[in-house]
Amino acid sequence: MIYLLYDLRDSLFSPDSPAYKIANLFQYVTLRAGAACVLAFLISVVLGDRVIRRLISLKVGQPIRSAEEVHKLNELHGGKAGTPTMGGILFLGATVIAAVLFARPDAPFVWVILGVTVSLGLLGFYDDYQKVKKKSSDGLSARGKLSVQVTVALVAGCYLSFSDYSGDYIRQLYIPGVKEPIIADMGWFTPLLFLGVIVGTSNAVNLTDGLDGLATGCSITTAAALGAYAYVIGHAFFAKEYLFLPFHPDGGEVFVVCAAFIGAALGFLWFNCYPARVFMGDTGSLAIGGMLGTVAICCNQEILLPIVGGIFVIEALSVILQVGYYKRTKKRIFRMSPIHHHFELGGWKETQVISRFWILSLIFALVGLAFMKIR
């Protein structure tokens, strides 16, 4: 909404006034992205203690799986019982406020990303509520949760695929390292691809959220890499003449949303780092995954997402492999899945697992950024 000051500067201020010059600055996407990042960070940090105290007063403590369910892991995580969950409302609120204030209001990409994020955040909130209410790690049924995710993803995917605003641009399929789209028009396959991207990423982040700050830190590096692509894609010279990436004039507004999320997530990490005072819960993890998936789609980089979000892919694959192998052989590949628990049970301290996964996430993001030039 701040962008409106730039649009209305001639009618609101004298050209010689300081207010006119300040309003003129809001045309620059880098300034608005920086301001969104800082504002979202401050909201998360300033309101963090109040939100945590409120969650504690509401007795929304995280249920921990019993020793019968997870054996030795219960000994390692038993002390986390009662830590407030649903903390995702903190950084989701900060992200939405900062993005709405500083992104251009006439950019549909912004509203699609926020719509998916908030919708999946509400789904996660209800799932967390059910867990707290039942005092069990079992929330909504997998089928119920998946049906909502699929509905949200299809609505967003169909709009992006067939609207006049983005249809021609979004139906192209690019792969990292190739200048031209490998498919010029995916047609009706497009929303089905987007369905897999959004639902898959949402669940992958959810699986990663098992240690203090793990999913938060990995989400920040992934969002930073995608944000860099969004900025370039919204810059005509960089996209068309220099890096040969798909161009859309509203790419810069996607960059603003990414910056808002990064600031909010950094503020949340202030409280979520080891030892965590609050967990994001499904409220945060489902929303983050949906947001990252939708951002990648808006940047036409959905095939790059598994690279920059490599940790999420590894975590999800570890669960798929473990479940599939166990069903066939009644044996396990890993000590426990997702794979971060495998390393915990192998003797790594929780802080070691988190730090090393953060390092790997940063490396994956840098590899993804390298493909910006390798084409």
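I take buried to mean under 20% relative accessible area. On that reading Met-86, at 3% relative accessibility, counts as buried. The model I am looking at is predicted.

**Entry 1: backbone oddities**

I started with Met-86. Its phi is near 65°, a positive value in a residue other than glycine. I placed Met-86 in the loop between helix H6 (72–77) and helix H7 (88–102).

I then looked up Asn-300. Phi of Asn-300 is near 60°, and here too the residue is not glycine. Asn-300 sits in the loop between H15 and helix H16 (305–308). Its relative accessibility is 0%, so I logged Asn-300 as buried.

I noted these angles because most residues other than glycine have a negative phi, and most peptide bonds are trans.

Which peptide bonds did I list as cis? One runs from Tyr-274 to Pro-275, with omega near -10°. Pro-275 is in the loop between H14 and H15. Another runs from Ser-337 to Pro-338, with omega near 0°. Pro-338 falls in the loop between H17 and helix H18 (339–345).

**Entry 2: cysteines**

I looked for disulfides and found 0. Why is Cys-37 not bonded to Cys-258? The closest cysteine sulfur to that of Cys-37 is in Cys-258, 11 Å away, which is too far for a bond. The cut-off is 2.5 Å between sulfur atoms.

Cys-218 is in no disulfide either; the nearest cysteine sulfur belongs to Cys-273 and is 14 Å away. I checked the cover on Cys-218 as well: it is buried, at 0% relative accessibility.

**Entry 3: the nonpolar core**

I went to the largest nonpolar core, which has 97 residues. Phe-91, Val-254, Leu-292 and Val-295 touch the most other members. Helix H14 (residues 251–272) gives this core its largest share, 13 residues.

I followed Val-295 outward, leaving aside neighbours within four places in sequence. Its contacts are Ile-113, Leu-226, Val-254 and Cys-258. Val-254 is thus both a contact of Val-295 and one of the residues that touch the most other core members.

**Entry 4: salt bridges**

I counted 11 salt bridges. I picked out some of the pairs.

Glu-253 and Arg-32 meet through their side chains at 2.9 Å, N to O. Glu-253 is in helix H14 and Arg-32 in helix H4 (residues 29–57), 221 residues apart, so I logged the pair as a link between distant parts of the chain. Are these residues buried or exposed? Glu-253 is buried, and Arg-32 is buried too. Both also belong to a network of salt bridges, together with Arg-104, Asp-106 and Asp-250.

Arg-277 bridges to Asp-49, with the closest N and O atoms 2.8 Å apart. Arg-277 is in the loop between H14 and helix H15 (281–298) and Asp-49 is in helix H4, so the pair ties together parts 228 residues apart in sequence. Arg-277 is partly exposed at 40% relative accessibility. Asp-49 is partly exposed as well, with a relative accessible area of 30%.

Asp-127 pairs with Lys-145; their closest N and O atoms are 2.9 Å apart. This pair joins helix H8 (residues 108–134), which holds Asp-127, to helix H9 (residues 142–162), which holds Lys-145. The two residues are 18 residues apart. Asp-127 is buried at 0% relative accessibility. Lys-145 counts as buried at 12%.

**Entry 5: helix H17**

I finished on helix H17 (residues 310–329), where I found Tyr-325. Tyr-325 is partly exposed, at 36% relative accessible area. Where does Tyr-325 contribute to the surface? I found it in a nonpolar surface patch of about 520 Å², made with Val-313, Leu-317, Ile-320, Leu-321 and Ile-333.

Val-319 is in helix H17 too. At 18% relative accessibility, Val-319 counts as buried. Not counting residues up to four places away in sequence, Val-319 touches Leu-207, Ser-337 and Pro-338. Ser-337 and Pro-338 are the two residues joined by a cis peptide bond. I also took the distance from Val-319 to Ser-17: the C-alpha atoms are separated by 60 Å, with these positions 302 residues apart along the chain.

Definitions and conventions: Residues numbered from 1 in each chain as written. Predicted model: local features only at pLDDT ≥ 70, side-chain atom pairs only at ≥ 80, totals over all residues. Heavy atoms only, no water. Buried < 20%, exposed > 50% of the residue type's maximum accessible area, 1.4 Å probe, protein only. Core = buried A, V, L, I, M, F, W, Y, C linked by side-chain atoms within 4.5 Å. Helix = DSSP H or I, 4+ residues; strand = E, 2+ residues; numbered from the N terminus. Contact = heavy atoms within 4.5 Å. Patch = residues over 30% accessible without salt bridge, like charges linked within 9 Å, V, L, I, M, F, W, Y side chains within 5 Å. Areas by Shrake-Rupley, 256 points an atom, 1.4 Å probe, with all protein chains shown as cover. Salt bridge = Lys/Arg side-chain N within 4 Å of Asp/Glu carboxyl O.
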